[in-house]
Amino acid sequence: MTTHGSAAQIMRELLEGPVTRSALVRWRRQQFLAKDGFGFYFGLFDSFAAARAWLPPNPEFNNDALATEYVEVRTQQVFAYDYPVMWWLDRAFRHGARSVLDIGGSVGVHYHAYRLYIDMPPEVTWRVVEVPAIVSIGRRLAAERGAAELFFTDDLGEALTSAGAEVWISAGALQYMEDARPGDLLKRSKEMPMHLLLNKLPLYEGDDFVTTQNIGEGCFAPMHVFNRDRLIRAVEALGYTLRDRWPVHERSLYLPGYPERSFPSFTGLYFAAEP
Ligand SMILES: C[S@@+](CC[C@H](N)C(=O)[O-])C[C@H]1O[C@@H](n2cnc3c(N)ncnc32)[C@H](O)[C@@H]1O
């Protein structure tokens, strides 16, 4: 681990040493699989299939229970890492953007919460791509809250190839999709967006890898970690300019047994299509 400072980090570095490493990894594996392992990461895998073969069978994100915090808290509250997204989104709206594709946008959290902070044009259309369980809850919530501009689909392929959106948002989500590197999604889309806002991505300086995360309620998910420069270059190669990037200090990744693949913050990125 390249971070320095806290007593916990120093202790962790000591435990990662050759004498204690295997005991540490065994203990962390147990902790990861238990209820109090929520949020923890474990394991290094070649693919999502290999990660799924190792994980206990579970519905991953397609589980109603995972929506509770999103409905009750995240539709009404924003966090420090949301401000850059709201800033660029507000500018995009001021420059005439009227359609948003929000990939992995949960029950419409960004739509519901951001409109409390920025002026959303009344004619905006905001389309969320989600897993089926969350789509149902999001539609119900939109009806309850009178959000007629908010739409949901569980078909990413269809969303990419139907009428293009001027703004794409994806926060803390692409890493959980097997085949959704931003550059690849852009290539698959019928019309590429003018604005691409990516938040809470696990990016670092090393090689891409797959790990797993305990996502709560007895659920686990495979997750990609990406090399930062390669991901950025792949988007730039499609004609985008990286206009902003910010660290997301509220998210970090510690991978037991692999300090060189651990990092202290996630990343947010804003790309604009070149004129
Ligand atoms: C950590 S949550 C982030 C939610 C929200 N964007 C936020 O920032 O609060 C990840 C989201 O990605 C969604 N997700 C994961 N895999 C997906 C898939 N294959 N297709 C659509 N959505 C997916 C999950 O259901 C979940 O809502």
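Lys 200 has its place in strand β6, which covers residues 195-201, and in this predicted model the residue takes a positive phi of about 50° although it is not a glycine. With a relative accessible area of 10%, Lys 200 is buried, because the limit for that class is under 20%. The side chain of Lys 200 also takes part in the surroundings of the ligand, since an N or O atom in it is 2.6 Å from an oxygen atom of the ligand.

The protein covers 85% of the 590 Å² of accessible area that the ligand has on its own. Which residues, then, come nearest to the ligand? Of the 16 residues around it, these are Gly 104, His 110, Glu 130, Ala 171 and Lys 200. Two of these residues can be followed to particular atoms, as was done for Lys 200: a nitrogen atom of the ligand is 2.9 Å from an N or O atom in the side chain of His 110, and an oxygen atom of the ligand is 2.6 Å from an N or O atom in the side chain of Glu 130. Taken by residue class, the shell around the ligand is made up of 9 nonpolar, 5 polar and 2 charged residues.

From Lys 200 the reader can move on to Thr 267, a residue of strand β11 (residues 266-273). Leaving aside neighbours within four places in sequence, Thr 267 is in contact with Leu 198, Asn 199, Lys 200, Leu 201 and Leu 203, and also with Arg 228, Trp 246 and Val 248. Thr 267 has a relative accessibility of 5% and therefore counts as buried.

One of the contacts of Thr 267 is Arg 228, which is found in helix α10 (residues 228-236). Is Arg 228 buried or exposed? At 12% relative accessibility it counts as buried, because buried means under 20%. Not counting residues up to four places away in sequence, Arg 228 touches Leu 203, Tyr 204 and Glu 205, together with Arg 245 and Thr 267.

Another part of the model to look at is helix α7, residues 132-144. At 1.5 Å a residue, its 13 residues should span 18 Å, and the C-alpha atoms at its ends are 19 Å apart, which agrees. Within α7, the buried residues are Ala 133, Ile 134, Val 135, Ile 137, Gly 138, Leu 141 and Ala 142. An α-helix has 3.6 residues a turn, so residues three or four places apart point the same way. In α7, Ile 134, Ile 137, Gly 138 and Leu 141 are among the buried residues, and what covers the buried residues of this helix includes α4 (68-74), α6 (109-114) and β4 (150-153). Just after α7, Gly 146 takes a positive phi of about 65°.

Two loop positions complete the tour. Glu 217 has its place in the loop between β8 (209-216) and β9 (219-227), and its phi is near 55°, a positive value in a residue other than glycine. At 58% relative accessibility, Glu 217 counts as exposed, because that class begins over 50%. Phe 79 has its place in the loop between α4 and α5 (82-94), and at 22% relative accessibility it counts as partly exposed. The C-alpha atom of Phe 79 is separated by 9.2 Å from that of Glu 250, although the two residues are 171 residues apart along the chain.

Conventions
Residues are numbered from 1 along each chain as its sequence is written. This is a predicted model: local features need pLDDT of at least 70, side-chain atom pairs count only at pLDDT 80 or more; totals for chains, interfaces and linings use all residues. Side-chain values use heavy atoms; hydrogens and water are left out. A residue is near a molecule or strand if one of its heavy atoms lies within 4 Å of it. A polar contact is a pair of N or O atoms within 3.5 Å; within protein, one must be able to donate a hydrogen and the other to accept it, and residues adjacent in sequence count only if both atoms are side-chain atoms. Accessible areas come from the Shrake-Rupley method with a 1.4 Å probe; for residues, only the protein chains shown count as cover. Ala, Val, Leu, Ile, Met, Phe, Trp, Tyr, Cys and Pro count as nonpolar, Asp, Glu, Lys and Arg as charged, and the others, Gly among them, as polar. Helices (H or I, at least four residues) and strands (E, at least two) are DSSP runs, numbered from the N terminus. Buried means under 20% relative accessible area, exposed over 50%, partly exposed in between (1.4 Å probe, protein chains only). Contact means heavy atoms within 4.5 Å. The expected span of a helix is 1.5 Å times one less than its number of residues.
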